[in-house]
Amino acid sequence: MTPVECIRDARVLLNEAPSEEPKPMRLLAAAAFAATTAVLLAGTMVVGPGVSFDQAATVSNP
């Protein structure tokens, strides 16, 4: 491959990809995924590793 062909191929690779219209359902799915992940991560931070619940601490009605 000659240097001219290498430069031409590199220029083709460096061109911007054609942009497509944003799809509303994809955006909604991404937002829902991000919100679900945030809630799950918050739950992991509150009740994370090392947290234990004692069985003796249960409340019973007399």
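## Overall picture

Helices here are DSSP runs of H or I with at least four residues, and strands are runs of E with at least two. Counted that way, the protein chain holds two helices and zero strands. Please keep in mind as you look around that this is a predicted model.

## Surface and burial

Let us turn to the surface. The protein chain has 62 residues, and 2% of them count as buried. About 6200 Å² of the protein chain is exposed, with 67% of that area supplied by carbon and sulfur atoms.

## Helix 1

Helix 1 covers residues 3-14, twelve residues in total. From its first C-alpha to its last, helix 1 reaches 16 Å, close to the 16 Å expected at 1.5 Å a residue.

How many of the twelve residues of helix 1 are buried? The count is zero, and helix 1 is hardly covered. Two residues within this stretch, Arg8 and Asp9, come up again below.

## Salt bridges

The count of salt bridges comes to two. One of them joins the side chains of Arg8 and Asp9, with an N to O distance of 3.7 Å. Are these partners buried or exposed? Arg8 counts as partly exposed because its relative accessibility is 49%, and the limit for exposed is over 50%. Asp9 is also partly exposed, at a relative accessible area of 28%; buried would require under 20%.

The side chains of Glu20 and Arg26 form a salt bridge as well, at 3.4 Å from N to O. Here Glu20 has a relative accessible area of 56%, so this residue is exposed. Arg26 is likewise exposed, with a relative accessible area of 56%.

## Putting it together

To recap, the chain combines two helices with zero strands, and 2% of its residues count as buried. Its salt bridges pair Arg8 with Asp9 and Glu20 with Arg26.

Notes. Residues numbered from 1 in each chain as written. Predicted model: local features only at pLDDT ≥ 70, side-chain atom pairs only at ≥ 80, totals over all residues. Heavy atoms only, no water. Buried < 20%, exposed > 50% of the residue type's maximum accessible area, 1.4 Å probe, protein only. Areas by Shrake-Rupley, 256 points an atom, 1.4 Å probe, with all protein chains shown as cover. Salt bridge = Lys/Arg side-chain N within 4 Å of Asp/Glu carboxyl O. Expected span 1.5 Å × (residues − 1).
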